[in-house]
Each structure stands twice: as structure tokens, then as C-alpha cells.
Amino acid sequence: MKGTENTFQQESTILVTCPKRIGKYLAEEITTAGYIIENEMQTGISTRGTLIDCISLNLVLRTAHKVLFHLKTFRCTHPDQLYSSTKDFAWEKYFSTDSYFTIVANVENETITDSRFGSYKVKDAIADRFTSLFKKRPDSGPEKNKVVIYLHWKNEEASLYIDTSGETIAKHGYRKKPFKAPVQESLASALIYASRWDRKSTFINPMCGSGTLAIQACLTALNRYPGLFRSNYCFMHLNDFEMSYYDKAKEEIKSAILRKMPARVIATDLDPLAIDAAKNNAATAGVDHLIEFRVCDFRDTEVPEGEGVVMINPEYGERLGVDKDLEEIYTAIGDFFKKKCTGYLGYVFTGNLELAKSIGLKTKRRIEFYNGTIDARLLEYELYSGSKRIAPEHSDAPVS
């Protein structure tokens, strides 16, 4: 049932998705990987390439969520058009009657009130095509660990893609023990890219929680890419896939890994359970021996002489505590930066801008992110000797 042409060598648009406010860092990653940016959107970047290129992108991208390979775009004003245009496509070139497939849909069309209906129409169209051609159809269901088809239908235009990732690549596969409300791995990578860390000086992560920021810092400094922690992708379940494509991509990224850690990474937390979780996650990532863990109050964190980055992700209050109880913590962070971190760049990632005023230091940059649905900021502080404090009522003023 395979086509005469190798589908993995055919070129098309590749759409790489990400959350809002991360596109800039994803674009930099894609460019660094050697691809030309065709279009930048709020929640994704498009480039061109083959399914073989999709393999490489899945392995190397830290800030992405999905790598989608474009199949077809068509005018669509009604579910019947969706069905007929989907059925007309040669799905048998990409997978077989022995496959298992699922549909993921993003629908904004007045004729459909539930995006699941769009999924059902695509599923039925694919199943009916196989049945009409081969008197047999592939199995389908909700699992995203085999063939995944993505439908984007907005207004009068619909597009169909192969989701070459399957399960999201935003989860990098090493975090087996989350602690409280951890930052997602892809977001942690974006925060590190947004900082001015040179990957050679010291990276310090007080209040480390499950260790995501410290682990991502380690992996980034070593050029160790997230795809190495995962062994199953949607592209592996497509016709014409050859393990040699995957092995070659893995070997290429393995060859870029540094043999020696170029920087010190220090991670502390007051809660022994947090440090236990962080150590376990770091061990899964293979970097537990490269991170200096310690159970202590953040104010007692070692700050070696010289330069580097101190990055803290304190509780926000909305999900994890009461704001009044956190004001003192944020004030103490400012004192810690001012008294102990001279010469470093200080970063606080928070979704509570009112609490951030309590830090009391002048921000150099205020970088916008979302943490899930929470409007958040990565606040940057240049910590020179005698860092200037500012009056609380002006501490949230925009930086020019």
C-alpha cells in the first residue's frame, strides 16, 4: 500500500507549534538548526522540509510543542466539505490498514460547536477511504502514540497535517517526580534562552523545586538535546519510515554533546522532598553528578565569586499560597540579590506582578511569558555593588 515515491523525501511546509510568547526563542532554535523561517505566528513557526527534517526537529527543539507536516489545505464551509476533501486525500501513502490513528482538531467554524465533531468527520473520511480501497480500515482511537492527524479549520479554510511528534515534545522525558507546580520543560528552556546566561559562568537556582530550571541549564550548556530521552514518535509509525533516518539524526546530535560541563550549576531548596525529586529527575536526565544540590533556605545558597546568573521561580500566591505570606519572601529575594549576588544577573520568574513590587530593585528587563494560562514575567536585575532600591510605588513601572 506504499506509494511509489518515498514520502519521507517529499518536501512540504513544516509547522512547529509553541505557546504564545515563546515563538521568538523557537524561531532562534529553528534557525540555529539550519532551517529558513517562512512565517512567524503567535503560536508557531513555519519552515520547509521533509519528514526526515521533521525527525531532526523533534529531536533538537527545546521550546516546541509539536512538529506538524503539512498535507493539504482547502476551502471548507461545511462538515460535508470537510469529509469529502479529507476522503479525496491519498492517506494510504502515509499509513496502512494495519495502523492505528487518532485525530486532533482545532476548529473555529460557525457550523460546528464542538471540535470533536470535526475530528469524527476526518476519522470517518479516512476510514471510509481505506474501506473503499482495501475492504479493511485501520484502527482508530484516542491514543497519540501511533499515527496522529491534525486538523486546523478556521472560518472557511481547513488544513490537514501529520503530527510527527504524537505526544507533545514540550515534555522532555526526564521529569519523573514533579513537585508542587513545576515549570514545563519547554518553558524552562525559553526562560534560559531569554536570560543573558553565557552557558559558561555559574547558574544558580534557589527554590529549585523539582529541579527543572537547573536540569535544563545543564542540558543546554552541554548541548544535550531533549529528543535523546524519548524513543517513540508518530513519524516512526508511517509508511516509508526507516530506522536509519532516526539513527542518523541521533548520531548527529550526540556528536555535538560536550564531554565536560563548562559551568557550575547550583540548586537549592528548603524542602528535602523537593531536593529528592530534583535529584531523581536529574539522574534520569543523566546530569545528577553535574548539579550541586543542597537543602537550605534560599538566602543560604552559595554564590561563588565572579559572574553568572541567579534564577528564582518563587510561588505566585494564586495557586500555592496566600499573597500576604509571600510578600516577605519577595522582599527577602531583593535583599538576597542586593547583599549576596553582586556581579551576577538576577532573574525572578513570577505570575504575580503585585508581589514582584516587594523585591524593591530596579528591573533592567521585563520579558513577557505565560505559565500555562497565567500572565507572567521574567524580571531581570543587574546586581552591581549597591544596587539601587526603588520606591515600592514605582517598582512595577515599565522599563524603557
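## Close-up views of two sheets and a pocket

**View 1. Gly-372 sits in the hairpin of strand 14 and strand 15.** Just two residues lie between the strands of this hairpin, and Gly-372 takes a positive phi near 70°. Strand 14 and strand 15 pair in the antiparallel sense, with seven bridges. (Strands are DSSP runs of E with at least two residues, helices are runs of H or I with at least four, and both are numbered from the N terminus; two strands pair if DSSP finds at least two bridges between them.) Asn-371 has Ile-374, in strand 15, as its bridge partner. A quick note before moving on: this is a predicted model, where local features need pLDDT of at least 70 and side-chain atom pairs count only at pLDDT 80 or more, while totals for chains, interfaces and linings use all residues. Residues are numbered from 1 along each chain as its sequence is written, and side-chain values use heavy atoms, with hydrogens and water left out.

**View 2. Here is the open sheet of seven strands.** Read the strands in the order 11-10-9-12-13-15-14, and you'll find that the pairing is mixed. Strand 11 (291-295) and strand 14 (365-371) are the edges, each pairing on one side only. From one strand to the next, the twist averages 20°. (Angles run from 0 to 180 degrees between N-to-C directions, using axes fitted to C-alpha atoms, for helices over the stretch in contact.) Helix 5 (residues 185-194) packs on this sheet, and among the strands it touches are strand 9 (202-205) and strand 12 (308-312). Contact here means heavy atoms within 4.5 Å. The direction of helix 5 makes about 170° with that of strand 14.

**View 3. Strand 10 runs parallel to strand 11.** Five bridges join strand 10 (residues 265-269) to strand 11. Look for Val-265, whose bridge partner in strand 11 is Ile-291.

**View 4. A second open sheet has eight strands.** Its order is 2-3-1-4-8-7-5-6, again with mixed pairing. The edges are strand 2 and strand 6, and each pairs on one side only. Helix 4 (residues 115-134) packs on the sheet, touching strand 5, strand 6, strand 7 and strand 8. Helix 3 (residues 79-87) lies across strand 4, strand 7 and strand 8, at about 110° to strand 4.

**View 5. Strand 5 pairs with strand 7 and with strand 6.** Eight bridges hold the parallel pair of strand 5 and strand 7. Val-107 has Trp-153 as its bridge partner in strand 7, and Ile-103 stands opposite Ile-149 there. Strand 6 (residues 139-140) also runs parallel to strand 5, joined by two bridges; Tyr-100 has Asp-139 as its partner.

**View 6. This is the second largest pocket, with about 520 Å³ of space.** Of its 19 lining residues, Leu-15, Met-41, Thr-43, Tyr-150 and His-152 are the closest to its centre. (On a 1 Å grid over the protein atoms alone, a pocket is an open set of points where a 1.4 Å probe fits, with protein on both sides within 12 Å along at least five of seven lines; lining residues have an atom within 4 Å of a point. Points are joined across faces, edges and corners, and the volume is the space filled by probe spheres set on them.) Strand 1 (12-17) and strand 3 (44-49) are among the strands that each supply at least two lining residues.

**View 7. Residues 391-400 have pLDDT under 50.** pLDDT is the predictor's confidence in each residue, from 0 to 100. For residues 391-400, the model has twelve contacts beyond four places in sequence. The chain has a mean pLDDT of 92, and 93% of its residues reach 70 or more.
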